[in-house]
Amino acid sequence: MSNARLDSKVVQNLKDVAQKLRIHSITSTQAAKSGHPTSCASLAEIMTVLFFQQMRLNLKHPRDPSSDRLVLSKGHAAPILYAAWAEAGLFPVEELRNLRKVDSDLEGHPTPRLSFVDVSTGSLGQGISVAAGMAYVGKYLDKADYRTYVIVGEGEATEGAVWESLHFAGHYCLDNLCVIFDMNKVFCSDVGTEMEVYRERLDAFGFNALVLNGHDIDELVKAFINAASTKGKPTALLARTVKGKDFLGIEGIEEMHAQPLGKRAEAAIKHLQMKIANPNVRLSPKKVGKCGHAPEVHINNIMLCSPPNYRLGDSVAPRLAYGTALAKIAADNPRVIALDGDTKNSTYADKMRNAFPERFIECFTAQQNLVGVAVGATCRRRTVAFVSTYATFFTRAFDQIRMGAISHTNVNFAGSHCGCSIGEDGPSQMGLEDIAMFRSIPGSTVFYPTDAVSTERAVELAANTKGVCFIRTTYPNTTVIYNNDEVFAVGLGKVVRQKPSDEVLLIGAGVTLYECLAAAERLEEDCITARVIDPFTVKPLDIRLLVKHGKLCRGRIVVVEDHYQQGGLGEAVLSALADYRNFVVKHLYVTTVPRSGPPAVLLDMFGVSSRNIYKASLAIMKK
């Protein structure tokens, strides 16, 4: 560590501010009648040194792309984060008493409703991956001087996702990242031994790991200087702290966790006030420097650099078209990035890696970190991120995706290997829940393109669509049915087969659209004509198109999907038609856990082949 020592008056001022932050944490949680003041108390000196000695901030524009970032992974300590910003002068300290009120943005855990919060936290174990995404962009894309700090609670350090993200940060030598572990539990009779175990683990993960007293201002300042001067590896500070530090009669008492101080608050506040030498002390954060700024970026109106180039009747896998389109939009905009979970030659994200290796981020087989890094990389509108892996593997990262939505993220997800149409790989690789998962995300858009042309346009549209986007990319080759100049839009489906005499409407997407077309051909042999619709987006669904053509087909609808019954295309259609009379809907879906086998055999065995559609159509004609 650096040997530099602060002036004694500066140290005392910092100590005074730390005690003020503790008092604010008590008063705000008392007003809210809930919260985690003791968890805040262990962070007081850390927060004070960060805000008033280390971080370069812009109070007029907290999300200034050139300012330092702070992620409070232990989101339950939100009151002290709010207190630090209030003491810095962003808003009046009196507002802290509105903590957790329904008309206040000072929520129980931080959300980006607040101008100084980049991501929502509180679902423990996710902060480091998000911070790593921010740091990766700062180091390799922005090439700017801003640093990223993340505060992690000791309890969440047991999360596997934490170690996924630590591995990522070490692997990519993110020396602009500082991870601060708030070690505020007495988890072992020999605390020193336990801290050394953590230090050795972090060292093995490629970190500059330092053990220090998290309540000692001088040690903290030296540690942060050490972190800033360390090159080629990220830094982790293992800060020994005490829960409820300096709270009279409460310090170190585990039973007071996750609750306000109640009747003990008044005595605790008086005790803290007595420790403050200068009650009127006011400190200001450092300002963003004049050099090393993040570049101005533009991420609107992203387009394919060239239109789709296929012939009608070509046989092309939509997942291959995804990779082609990804490279095309990356050629149009230098802020498009791709992230993959060690499946790049299957998702065809390797087309992006081959064309623009500096904008391809390999996140390995660590899907939770994969998603978290993408969420961090898109913060402050620095990038447009596309994340790809097998559709089913996103289930492992559902919490990260959910938290991303709460964070107002604009990350795009592409899931390949969906449904039993992948064949011989078997059910562990089959995405059969993915549409349900992404449909449940608030504000999400779910694309299910059928051929190569529609897939390329889905990628282009996703790049310009707010919120979480999911593109379901089919594994096997499908026939190109759209002209290269076909126009697509979010929420607008396509009628791909129709005659005035149509008596039943068939709805399918991906492989099942072709099964619908084949069924329509067979029905016509029986003198029954069927109309076929490709929804293109499952969410939002083109309800007007379905209602219009459903009525023209006498209210008879068969919807078929390579997905389980719950939450997919079928239930989206049923939900859309719930407000309308005179419709009869037959829903075909994968009925149970599939098995390995040829794709065509599996589609038929599990109820979603053209033969099954044909039978369902005949049955519905009798109703």
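Show the surface of the whole protein chain to begin: its accessible surface comes to about 23700 Å², and 49% of that belongs to carbon and sulfur atoms; the areas come from the Shrake-Rupley method with a 1.4 Å probe, and for residues only the protein chains shown count as cover. What you see is a predicted model, in which local features need pLDDT of at least 70 and side-chain atom pairs count only at pLDDT 80 or more, while totals for chains, interfaces and linings use all residues. Residues are numbered from 1 along each chain as its sequence is written, and side-chain values use heavy atoms, with hydrogens and water left out.

**The whole chain**

Switch to a cartoon, where the protein chain shows 21 helices and 21 strands; helices (H or I, at least four residues) and strands (E, at least two) are DSSP runs, numbered from the N terminus. The C-alpha atoms fill a box of roughly 95 × 50 × 45 Å along the principal axes. The radius of gyration of the protein chain is 28 Å, which agrees with the value near 25 Å for a compact globule of 623 residues; it is taken over C-alpha atoms, and the globule rule is 2.2 Å times the number of residues to the power 0.38. Of the 623 residues, 61% count as buried, where buried means under 20% relative accessible area, exposed over 50%, and partly exposed in between (1.4 Å probe, protein chains only).

**Residues 316-480**

Next select residues 316-480, which the unreviewed UniProt entry annotates as "domain: Transketolase-like pyrimidine-binding"; such annotations may be inferred rather than shown by experiment. The end C-alpha atoms of residues 316-480 lie 7 Å apart, and the span is 38% helix and 18% strand.

Now pick out helix 16 (residues 452-463), whose end C-alpha atoms are 17 Å apart, in agreement with the 16 Å that its 12 residues should span at 1.5 Å a residue; the expected span is 1.5 Å times one less than the number of residues. Helix 16 is mostly covered, with 11 of its 12 residues buried, and these pack against elements including helix 10 (318-332), strand 11 (384-390) and strand 12 (412-416). At the N-terminal end of helix 16, Asp451 acts as a cap, with a side-chain oxygen 3.3 Å from the backbone nitrogen of Val453.

**Single residues to select**

Go to Lys33, in the loop between helix 1 (8-32) and helix 2 (37-41), which has a positive phi of about 60 degrees although it is not a glycine. Lys33 counts as exposed, because its relative accessibility is 71%.

Phe536 likewise has a positive phi, of about 65 degrees, without being a glycine, and is found in the loop between strand 18 (530-534) and strand 19; Phe536 is buried, with a relative accessible area of 0%. Continue along the chain to the peptide bond from Lys539 to Pro540, which is cis, with omega near 0 degrees; Pro540 lies in the loop between strand 19 (537-539) and helix 18 (543-552).

Finally, select Arg522 in helix 17 (residues 511-525), which counts as partly exposed because its relative accessibility is 38%. Leaving aside neighbours within four places in sequence, Arg522 is in contact (heavy atoms within 4.5 Å) with Arg611 and Tyr614. Arg522 and Ser610 are 88 residues apart in sequence, yet 8.6 Å apart in space, C-alpha to C-alpha.

Definitions and conventions:
Polar contact = N/O pair within 3.5 Å; in protein donor to acceptor, adjacent residues only side chain to side chain.
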